Each structure stands twice: as C-alpha cells, then as structure tokens.
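Here is a brisk report on one protein model. It covers strand pairing, a pocket, backbone oddities and cysteines.

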Amino acid sequence: MSPAVESTTTNPATSTATTRTDEPTPSPLPVHYSSKSTSAIPRPHPKPGYPTCKLRFECRDLSHDGADIFFSNNEIARDLLAAVTIVLSTLYKPSQSNSHIPPTRSVTLILRAMGGVAYTTGRELDDDHKEIHFSLDYITKIPSEPRSRQRHEIQGVLVHEMVHCWQWNGHGTAPGGLIEGMADFVRLRAGLSPPHWKQEKKEHWDGGYQHTGYFLDWIENIYGEGSVRRINEALMNKRYDEEVFWTRLFGKQVKQLWDEYCKTLPENNAQQPTKDGEGHDGGVLVEKDGQKTKDRLEKVLE
C-alpha cells in the first residue's frame with residue numbers, strides 16, 4: 001500500500017498555496033452510560049420452605065410375601081416424600097431458619113421379618129439419622145380386599161412412624177400416650193385411618209394411639225387450627241409437667257379437657273367402625289378404591 005501523498009496546488013487568482021493530506025477519518029469516541037439507577041429494583045424475599053433430608057430404603061428379604069405386597073402397592077420414593085410432607089405441614093409452619101423443626105438428617109425405611117407392626121429409632125452414633133423398621137409379617141396380614149386396603153394401611157403406618165422422626169418429646173419426659181396419640185392424629189388428619197379405629201370413653205386421656213389421636217383431633221376442632229402444633233412445639237425446649245402444660249396452652253387441666261371430650265361421644269361408649277366403602281370411620285371417609293388415597297398423596301407432592 002502506497003504511503004499518503006501530499007500535493008500542493010497554486011490558485012492563480014490568489015497565489016495561495018493549499019495543502020491536502022489523505023488521512024483516515026478517526027472513529028468517534030465511545031459513549032459511557034452511568035451504571036447508577038435512579039430507583040432501586042425491589043427483590044422479593046424467598047418463600048420459606050420445609051427442611052429436606054435424605055430418604056433411604058432397605059429390604060432385608062426380597063423373597064418374603066410381604067415384600068411383594070409392598071412393592072405392588074407403593075411407589076417408594078414418592079410415598080416416603082409424601083409422608084414427610086404430610087408430617088411437616090401438619091406439625092409445623094416453615095420459617096427462614098426452621099430452627100423450631102428437629103434437625104433430622106436422614107430417614108431409612110427398613111422392611112424386615114419381625115413381630116409387631118413397626119417402630120422408629122435413631123441410629124446409635126447419631127440420633128439425627130432415623131430408621132423406620134416395618135414388619136413384612138404384618139404386611140402379609142393386611143386384607144387384600146377391597147383393593148385399596150393394603151396401600152391405605154401401608155401409607156398410614158408410614159405416616160405414623162414418620163411423625164416420630166420429626167416430633168418433639170419434652171426431652172424424653174412427655175407421656176408415651178401423647179407421643180403415640182400425636183402420630184395417630186397426623187395419620188387421622190391425612191385421611192389414612194384404618195376401619196377398625198373407633199372413639200371410646202376411656203378412663204385415661206393418654207391411652208395412646210387412636211384413642212388419644214381422636215382426643216387431639218377434638219382439641220384441634222374446639223380450640224382452632226394449629227392447636228396440636230402448639231402442643232408439639234411446647235415440648236421443644238421444656239420438660240413435660242402435666243400440672244402446668246395444658247393450662248398454659250388451653251386454660252384447663254387435661255383431665256377437664258378429656259371429660260369434656262368424652263361427653264361428646266355416643267352413650268354406647270364407642271363409635272362403631274364401618275366396613276370399607278360403606279361410610280365413615282370416626283369421621284374419616286374410607287375409600288371404595290385406592291384412587292382417593294393416590295389423589296391425596298399426589299396433591300401433597302404438588
């Protein structure tokens with residue numbers, strides 16, 4: 001490329017010399033815009049959510065008839081997650097820190113041959129890791145008719161035991177009947193009560209399981225939604241003292257509350273259960289098939 005050439009011309013009229021230089025046109029200077037905004041953009045705070053934990057599964061005898069029944073009726077991952085969601089949403093409201101919820105780090109469901117129905121325990125080295133032991137022998141005894149019964153019962157047991165993974169117990173001082181009754185209250189509220197449950201007039205309020213579960217359900221209805229949640233959270237930091245525990249929460253001794261509840265029960269001392277598909281058991285509809293149970297669990301996972 002040839003270098004730029006300067007040329008000189010002479011105007012005859014003025015005899016003035018004009019010089020022209022062939023140079024490239026310079027680019028315009030870039031324009032810089034201020035990054036400062038005249039108004040702050042609001043950023044919404046993240047919505048509080050419930051804590052999560054690892055969910056594990058172990059079957060110690062795949063050849064057992066109970067294992068076949070379990071796998072035929074359950075989607076393990078989804079059903080365990082549904083049980084956790086039911087328990088947490090019934091017993092707690094989420095917060096930014098969730099420091100009011102037990103720090104459970106994992107739950108392992110173990111299917112094995114054993115007596116009884118199921119039990120929950122913490123691992124010896126770390127109680128924040130829970131184990132639910134579920135009897136394969138019991139699963140084989142669940143009636144296969146109507147079609148929904150096996151799935152309904154299995155999920156009900158899972159929800160009951162999952163409560164023990166997440167509830168407070170007054171540093172081990174709460175009555176066993178209250179602990180078990182709270183678990184069956186959550187099961188009842190989830191619509192997973194079995195057909196043999198019934199409300200009975202017992203001498204003691206802390207008979208446990210469905211007897212105390214129905215009592216807690218009555219408290220929830222009389223004293224408002226969240227009453228059982230308050231009972232559970234009151235057991236978080238303090239030891240259980242029956243003389244003051246119930247009075248602080250509801251202004252009455254538990255014996256008085258129990259007497260008031262018993263007055264609402266039928267004179268024949270029991271509410272008779274009904275056969276599956278024929279009506280209600282303790283106020284909870286027993287499904288004719290498994291679709292309502294499945295739909296309920298699907299809704300929980302939405």
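Gly122 stands opposite Lys130 in strand 6. This is a predicted model. Thr120 also has a bridge partner in strand 6, namely Ile132. Strands 5 and 6 run antiparallel and are joined by 5 bridges. A hairpin of 6 residues links strand 5 to strand 6.

Strand 6 also pairs with strand 4. Here the sense is parallel, and the pairing spans 7 bridges. Strand 4 covers residues 106-112, and strand 6 covers residues 129-135. Thr108 faces Glu131 of strand 6. Arg112 faces Ser135 of strand 6.

The table collects the residues that stand opposite strand 6.

| Residue | Opposite residue in strand 6 |
|---|---|
| Thr108 | Glu131 |
| Arg112 | Ser135 |
| Thr120 | Ile132 |
| Gly122 | Lys130 |

**The sheet**

In what order do the strands of the open sheet lie? The order is 3-4-6-5, with 4 strands and mixed pairing. Strand 3 (54-59) and strand 5 stand at the edges. Each of these two has a single partner strand, so one side of each is left without a neighbour in the sheet. Neighbouring strands of this sheet are turned by 15° against each other on average, with direction ignored. In general, strands of a sheet pair through backbone hydrogen bonds, in a parallel or an antiparallel way.

Strand 6 is mostly covered, with 7 of its 7 residues buried. Its side chains split into two sets. His129, Glu131, His133 and Ser135 point one way from the strand. Lys130, Ile132 and Phe134 point the other way. Both sets are buried. Charged residues are part of this picture: Glu131 and Lys130 are buried and point opposite ways. Each also has a bridge partner, Thr108 for Glu131 and Gly122 for Lys130.

**The largest pocket**

Rolling a probe the size of a water molecule over the atoms shows where empty space is left. The largest pocket has a volume of about 670 Å³. Its lining has 38 residues. Which of them lie nearest the centre? They are Glu161, His164, Gln167, Ile179 and Glu180.

By class, the lining holds 18 nonpolar, 12 polar and 8 charged residues. Strand 5 (118-122), helix 4 (149-166), helix 5 (176-189) and helix 6 (209-223) each give at least two residues to the lining. Helix 4 supplies the largest share, 7 residues. Strand 5 thus appears in two settings: it is an edge strand of the sheet, and it contributes to the pocket lining.

**Backbone oddities**

Where is there a cis peptide bond? It joins Glu145 and Pro146, with omega at about -5°. Pro146 lies in the loop between helix 3 (136-140) and helix 4.

His171 is not a glycine, yet its phi is positive, at about 55°. This residue sits in the loop between helix 4 and helix 5. Is His171 buried or exposed? His171 counts as exposed because its relative accessibility is 52%, and the cut-off for exposed is over 50%.

Tyr209 also has a positive phi, near 50°, in a residue other than glycine. Tyr209 lies in helix 6. At 43% relative accessibility, Tyr209 counts as partly exposed. That value falls between the limits of 20% and 50%.

**Cysteines**

How many disulfides does the structure hold? The number is 0. Cys165 is in no disulfide, and the nearest cysteine sulfur, that of Cys53, is 7.8 Å away. A disulfide needs the two sulfur atoms within 2.5 Å.

Why does Cys165 count as buried? Its relative accessibility is 2%, and buried means under 20%. Cys262 is buried too, with a relative accessible area of 11%.

Definitions and conventions:
Residues are numbered from 1 along each chain as its sequence is written. This is a predicted model: local features need pLDDT of at least 70, side-chain atom pairs count only at pLDDT 80 or more; totals for chains, interfaces and linings use all residues. Side-chain values use heavy atoms; hydrogens and water are left out. Buried means under 20% relative accessible area, exposed over 50%, partly exposed in between (1.4 Å probe, protein chains only). On a 1 Å grid over the protein atoms alone, a cavity is a set of points where a 1.4 Å probe fits but cannot get out, and a pocket is an open set with protein on both sides within 12 Å along at least five of seven lines; lining residues have an atom within 4 Å of a point. Grid points are joined across faces, edges and corners, and a volume is the space filled by probe spheres set on the points. Ala, Val, Leu, Ile, Met, Phe, Trp, Tyr, Cys and Pro count as nonpolar, Asp, Glu, Lys and Arg as charged, and the others, Gly among them, as polar. Two strands pair if DSSP finds at least two bridges between them. Axes are lines fitted to C-alpha atoms, for helices over the stretch in contact, and angles run from 0 to 180 degrees between N-to-C directions.
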